[in-house]
Amino acid sequence: MKTIARELLFPLIAVVAAFIVGGILILLVGDNPIVAYRLLLGSALSWPDGIGYTLFHATPLIFTGLAVLVGFRCGLFNIGAEGQLYIAAFATAWVGITLANWPPLVLVPLCFAAAILSGALWAAIPGVLKARFGSHEVINTIMLNFIAVALVSYFTQYHYRVPGDPIMQTATIGEGAHIARFGQFVPGFPERIPLNIAFLLALLCCLLVYLFLWRTKWGYEIRATGSNPSAAEYGGISIRKQIVLAMAVSGALAGMVGINEVLGYRYRYYDGFSDNYGFTGIAVALLGRNHPVGVIFAALLFAMLQHGGIYVDGFSEHVTKDIVQVLQGIIILFVAAESFFKWLVGRSGSSQRLRVN
Amino acid sequence: MRDVFTLSLIASTIRLATPLVLAALGGLFSERSGVINIALEGKMLAGAFTAAAVTYAADSKLGMGNASPWIGLLAGVLAGLIIAAIYAVTCIKFKADQVVSGAAINILMIGIPGFLGGALFLSSGSTPQIPKDHLLPQSPAVIAIAILVLVAAIWYVLYKTPFGLRLRAVGEKPEAADAAGVSVSRLRYSGVLLAGVLAGLGGAYLSIGQSSLFTRNMTAGRGFIALAALIFGKWRPVQTLLACLLFGFTEAVSIQMQGVFKLPSGEDIPVQFIQMVPYVLTIVVLAGFIGSSRPPRALGIPYQKEK
Amino acid sequence: MLELRQITKRFGDVLANDHVNIVVKPGTIHAIVGENGAGKSTAMRIAYGFYTPDSGEIVVDGQVRDIKSPHDAIALGIGMVHQHFMLVETMTVAENIVLGAEPGSAFALDLKSAAAQIRQLSEEFKLAVNPNEPVEHLSVGQQQRVELLKALYRHARLLILDEPTAVLTPLEVEEFFGILRRMREQGKTVIIITHKLSEVLAISDEVTVMRDGKVVGGVQTKDTNAAELARMMVGREVLLRVEKPEPHVGGPALELRNLSVLTATGAKRVDNLTFEVRSGEIVGIAGVEGNGQTELIEALAGLVEPAQITGEIRADGRNINGLGARVRRELGIAHIPEDRHRRGLLLDFSLAENSILGVHYRPPIAAYAGNIFLDENAIQRRATEIIEGFDVRPRNAALPARALSGGNQQKLIIGREYHVNPKVLLVSQPTRGVDIGAIEFIHRQLVSLRDKGCAILLVSAELEEVTSLSDRLLIIHEGRIAGEVDPKVATLEEIGLLMTRGH
């Protein structure tokens with residue numbers, strides 16, 4: 001129990017401290033922090049719009065948070081979630097367009113598979129590069145992000161756009177690929193709110209990730225590799241295999257953002273749809289202490305901030321929605337520096353950086 | 001006809017490569033001292049925003065006329081320095097993870113310019129336009145010479161001064177430097193702060209040299225391309241300069257030369273593929289396919305003495 | 001010239017230096033001897049400012065000084081050459097030597113005058129080097145000369161050398177002695193830290209012997225001999241001698257033939273070993289650390305790249321060269337590693353999760369749904385068996401391994417390996433950092449395993465332990481077997497000499 005309390009304490013301190021610093025900044029630009037924060041957070045609690053949109057915004061953050069989490073547990077830094085989700089979203093749309101006339105019973109699973117497999121593949125690339133050549137996954141994933149965005153943009157522009165459509169987006173996917181929005185089965189909930197069953201999938205993934213990491217032998221091997229590669233090797237675990245596996249699983253999770261976006265929201269691939277989900281996923285994972293339950297809470301917090309940002313922007317004198325990024329950045333800084341506090345107390349960090357020789 | 005194309009292409013290359021060169025060389029100092037610097041993007045944004053804002057203020061509010069861009073430049077450098085200081089303290093004093101801290105700075109810098117911009121200029125993050133004659137010198141020749149002088153100076157500092165020697169030692173084998181009585185943390189602070197200065201300078205050039213205002217997320221990944229150039233240039237000043245020129249060239253081509261390079265079938269090469277070139281090259285180099293790419297050996301590892 | 005008074009230094013729960021008193025007279029060559037872990041390096045690193053003592057004083061030239069960093073030590077004229085060279089491989093000799101005290105101005109590094117000064121020092125002390133050569137191209141002996149020049153360049157009057165001959169060939173050692181004598185002629189004071197008694201006798205004027213963090217003696221070299229020094233170094237109160245029945249020895253379970261192990265850079269650490277371990281016996285390997293034991297055990301456990309190994313390893317008659325760690329475990333080879341924190345435990349994981357390391361991937365631990373899901377009950381069962389069977393305290397399987405004392409951590413590891421009923425057990429330093437009560441327990445467990453038919457290869461730097469536990473005793477020196485003795489009759493001095501002299 002004491003460890004759980006201690007685990008909760010640090011993120012809480014980081015968040016509170018960030019809000020205090022943010023409050024000072026708001027004061028400096030001439031607004032009232034209390035009012036601003038009430039707008040920021042309060043707007044997320046209204047029904048149905050506040051809660052609906054917050055949960056909708058939280059969905060991709062849960063996926064990317066889980067993706068980064070799995071990487072971290074293996075000692076890897078997956079900054080490539082952004083690229084992975086773009087590739088996956090496009091792949092999903094592609095299946096949905098190409099097989100538009102297929103029955104939903106077959107089409108939907110195929111689209112799911114497209115998202116998961118393409119994300120896994122795109123993440124496996126830096127995984128293999130690290131396992132085989134020892135090249136650092138941080139740089140490679142950042143590079144692959146840009147490549148992914150360019151690649152997908154190319155396909156959209158030159159091959160899958162509806163002729164005459166000025167917007168950079170593909171044609172719509174077949175009806176059979178659509179997945180249900182909450183409005184279709186929750187009484188009183190409007191269908192215009194894009195919250196869809198992908199949110200439930202996200203929650204399911206939290207459970208699956210938990211089971212995977214803490215209840216299966218594969219998860220044990222991944223966590224052992226992240227905790228102490230020398231001891232893992234001693235125990236007969238192949239470090240190289242774990243690296244590729246962890247990255248692939250990570251990418252698969254990031255890829256599921258495509259399911260939410262394409263099958264549940266826009267029903268097509270829309271270029272530039274991601275509002276920094278990949279990077280925010282890093283913040284979500286760190287704040288959530290690299291645990292699926294923490295990720296849910298952190299994702300909800302960030303989603304609330306994201307949703308509230310628009311209200312703050314509109315209704316306050318000087319504060320813009322950028323306050324959201326400012327708060328996020330400060331939170332991560334405090335969470336990162338928190339390892340200093342831990343070091344003071346005598347423990348070392350939860351996962352060491354992995355080096356392959 | 002061809003000559004006109006070539007001249008303007010060279011001019012474009014220089015203009016586009018300049019912010020990259022500045023940021024990349026800043027990253028050079030930081031990484032050579034052993035501190036990973038993925039926060040170049042954030043430092044550039046800080047410099048770009050501050051330079052534009054201060055230049056505008058100096059010009060229209062204080063009426064400083066031709067001196068405005070230089071004041072703005074100074075302010076931009078200062079901004080880069082402050083951001084770098086935050087990054088340095090977090091990573092060196094608190095021994096926080098350098099990649100995480102860098103990511104934090106980048107996220108922060110997506111927000112802060114917009115936040116301050118909204119407050120000061122009631123805009124969605126852009127600064128108001130600055131009149132053309134109150135910007136930094138535009139002529140490619142002047143800029144090229146300035147850059148060359150800078151690269152030469154940096155090369156000299158890195159390889160021909162005691163400071164440079166110690167910096168490199170600290171990045172390769174901090175224990176050796178420590179045993180020789182050199183302060184590892186002091187040198188790493190220097191490296192990171194220099195990165196802030198140069199990256200801030202690069203950002204400033206972007207907003208008040210290459211254009212005439214600051215827009216939201218203006219750097220659009222240039223900080224990462226600079227990092228890629230640094231890696232591609234194997235952490236050496238001259239090679240990094242060449243890498244930046246190459247990447248600047250690809251960007252210039254993608255803008256200007258639509259329709260000049262063609263595929264065998266006669267179609268245009270899509271712009272996205274040209275945009276991808278710097279990133280693909282970096283991955284290839286990092287994996288060791290083009291010569292050995294050996295980063296400073298102590299890169300990314302916080303230095304801890306007592307074992 | 002230098003005096004350490006009552007220096008005490010603690011690292012965690014290890015007392016590295018316990019009220020250490022050393023007096024070094026100017027113009028002498030002073031040797032500090034002791035086994036690994038005796039505290040010699042720690043004491044000297046304190047003198048050089050790498051560590052600060054918890055209590056005690058450092059006196060230089062009669063005055064108490066506060067040495068907080070190498071910078072202070074260098075300013076006082078103290079130079080140190082470390083066991084693992086502190087050289088930047090990619091830089092040249094000259095650059096390495098002048099680092100921190102560069103000639104020229106802040107704006108211009110004057111490497112030319114540096115090279116000139118280096119050449120001058122080179123001449124004076126007969127330390128031939130090429131100032132412009134990158135250090136990575138130099139032989140080890142040459143690198144050492146660079147390290148010496150580094151200290152001399154900074155006007156060191158006292159040079160501390162940590163295990164200077166560990167990496168030299170016999171010929172280079174002779175040259176090295178010449179250099180030391182020349183330094184003494186020039187009025188320098190030299191401290192060498194070593195465990196090689198023959199060299200101590202050959203070159204030093206005075207000797208200080210350390211053991212377990214304390215100084216146990218200080219003598220004039222001419223008044224002593226190797227046997228006396230060896231006894232001071234390794235002797236301790238006779239501990240519990242393990243009562244063990246006669247072994248029932250079977251066929252060879254582990255055979256080595258012409259086994260050599262290289263480091264990644266090509267240095268030979270294990271040199272053409274041939275011996276066997278039969279089931280039901282304990283074969284001990286005694287030796288000062290750093291003579292190849294670590295590499296030997298890691299190679300046998302499957303933790304060294306096959307490219308670095310030549311020769312044959314057979315388990316139960318079957319050639320296991322090239323097989324990985326997991327396969328070797330499955331063949332019945334268990335391993336209690338030398339470094340329990342680095343190799344043996346996942347410190348942030350619970351005791352329960354640590355107890356299954358190595359068997360986590362197959363039944364009964366991984367048992368559900370196609371042997372993918374872990375059987376929590378099976379894990380708890382195993383953890384409890386180990387915790388209770390091996391007296392691991394506190395008896396809480398949910399605690400992180402980090403929370404246990406060294407002795408309990410070791411008991412956990414031993415219990416874990418014991419539980420796979422191994423045919424071959426590789427054990428390295430089983431009781432390092434372990435309290436007395438646990439030591440006795442661990443020894444009994446090893447004997448009991450032996451009596452079940454396991455073939456045990458025991459590596460230990462603790463002579464008492466390795467002589468009382470082994471049925472056969474091999475002495476290792478510089479990667480080779482220096483000799484085999486009968487542990488029941490061999491004297492400590494005899495063994496100590498083989499360990500430190502190699503013959």
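What distance separates the centres of domain 1 and domain 2 of chain C, taken over C-alpha atoms? In this predicted model, the two centres lie 35 Å apart. Domain 1 of chain C spans residues 2-234, and domain 2 of chain C covers residues 252-501.

The contact between the two domains of chain C involves 14 residues on the side of domain 1 and 12 residues on the side of domain 2. On the domain 1 side, the elements contributing two or more residues are helices α7 (197-203) and α8 (226-234) of chain C. Helix α8(C) provides the largest share of this side, namely six residues. By residue class, the domain 1 side that touches domain 2 of chain C consists of eight nonpolar, three polar and three charged residues.

In chain A, the surroundings of a single residue, Ala298(A), were examined. Ala298(A) is part of helix α13 of chain A, which runs over residues 292-315. Within 10 Å of Ala298(A) there are 28 other C-beta atoms; because the threshold for a buried residue is 20 or more, Ala298(A) is classed as buried. With residues up to four places away in sequence left out, the contacts of Ala298(A) are Gly65(A), Val284(A), Leu287(A) and Gly288(A). Ala285(A) is 13 residues from Ala298(A) along the chain, and the C-alpha atoms of Ala285(A) and Ala298(A) are 7.6 Å apart.

Methods:
Residues are numbered from 1 along each chain as its sequence is written. Chains are lettered from A and ligands numbered from 1 in the order in which they are written. This is a predicted model: local features need pLDDT of at least 70, side-chain atom pairs count only at pLDDT 80 or more; totals for chains, interfaces and linings use all residues. Domain bounds come from an automatic or database domain assignment. Two residues are in contact if their C-beta atoms, placed from the backbone, lie within 7 Å. Helices (H or I, at least four residues) and strands (E, at least two) are DSSP runs, numbered from the N terminus. Ala, Val, Leu, Ile, Met, Phe, Trp, Tyr, Cys and Pro count as nonpolar, Asp, Glu, Lys and Arg as charged, and the others, Gly among them, as polar. A residue is buried if 20 or more other C-beta atoms lie within 10 Å of its own, exposed if 12 or fewer, and partly exposed in between; C-beta atoms are placed from the backbone.
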